[in-house]
Amino acid sequence: MKKTFAAKIILGAASLLFAASASASALEQFKAFAAGTKSAKGEFTQHQVKKADAKTKVSTPASGTFEFARPGKFIWMYTKPYEQLLQADGTQLYIYDKDLSQVTIKKLGDALGSSPAAILFGSNDLEKNFTLAEAGTRDGLEWLKATPKTKDTTFDEISIGLRNGMPEAMELRDSFGQTSVLAFKNFQKNPNLPADHFKFVVPKGADVINN
């Protein structure tokens with residue numbers, strides 16, 4: 001999985017990851033989860049699936065950890081197969097590429113809007129930017145489909161799989177026939193995260209690019 005695309009997963013690809021019974025619909029589970037989850041931490045795996053010419057290609061999986069506090073604060077750390085950090089303090093987004101010793105800084109602002117990052121880390125006002133619909137049961141999960149209301153987004157459709165009131169998977173489909181698949185584990189709800197936890201410190205010697 002290319003690093004530039006990995007960053008898009010979380011912000012262009014980086015408000016649904018923020019309980020209800022197993023029998024509740026995906027929308028009911030998600031709304032209860034969003035209302036009751038102000039912060040979280042856990043682990044993730046991620047890979048890309050692309051279908052072309054009746055063939056399916058699956059990328060090398062990536063993995064790492066995540067932490068977030070609503071709205072707009074998160075640390076998304078890729079540890080394998082390479083190290084890359086995406087961190088937001090509620091105002092700015094920092095993308096640190098360890099191999100290049102480079103930090104790219106962007107304004108968070110409206111960038112969260114209709115992106116997967118809004119689902120993961122934004123406010124609870126999802127229906128402002130997404131059309132939500134039930135998507136049935138698959139792989140033991142209840143699925144919710146979120147379609148961005150604006151057309152200038154990286155992804156055409158985002159699906160969230162829930163079980164027992166907790167999100168366990170996300171699928172993000174783009175207009176090029178590629179789907180990013182994420183799975184979450186060791187999910188901790190509402191951990192105690194200090195106020196300065198998401199403050200980014202530029203690593204010594206790293207080049208800084210402001211966008």
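A residue counts as buried when its relative accessible area is under 20%. The structure used in these exercises is a predicted model.

**Exercise 1. Burial of a strand**

Task: State how many residues of strand β3 (residues 62-69) are buried, and set this beside the value for the chain.

Solution. Begin with the chain: of its 211 residues, 47% are buried. Then turn to β3, where seven of the eight residues are buried, leaving the strand mostly covered.

**Exercise 2. Neighbours of β3**

Task: Find which strand is joined to β3 by eight bridges and which by seven, and give a bridge partner for A40 and for A69.

Solution. Strand β1 (residues 39-52) is joined to β3 by eight bridges, and the two run antiparallel. One bridge pairs A40 with F68 in β3. Strand β4 (residues 73-80) also runs antiparallel to β3, with seven bridges between them. Here A69 has K73 in β4 as its bridge partner. Finally, look at the connection: β3 and β4 make a hairpin with three residues between them, and G72 in the turn has a positive phi of about 75 degrees.

**Exercise 3. The buried side of α2**

Task: List the buried residues of helix α2 (residues 26-36), explain why they lie on the same side of the helix, and name the strands they pack against.

Solution. The buried residues are A26, Q29, F30, F33 and A34. They lie on the same side of α2 because they span an arc of only 125 degrees around the axis. The general rule is that an α-helix has 3.6 residues a turn, so residues three or four places apart point the same way. The buried residues of α2 pack against β8 (130-138), β9 (141-148), β10 (155-163), β11 (166-174) and β12 (178-189).

How values were computed
Residues numbered from 1 in each chain as written. Predicted model: local features only at pLDDT ≥ 70, side-chain atom pairs only at ≥ 80, totals over all residues. Heavy atoms only, no water. Buried < 20%, exposed > 50% of the residue type's maximum accessible area, 1.4 Å probe, protein only. Helix = DSSP H or I, 4+ residues; strand = E, 2+ residues; numbered from the N terminus. Pairing = 2+ DSSP bridges. Arc of directions from axis to C-beta. Contact = heavy atoms within 4.5 Å.
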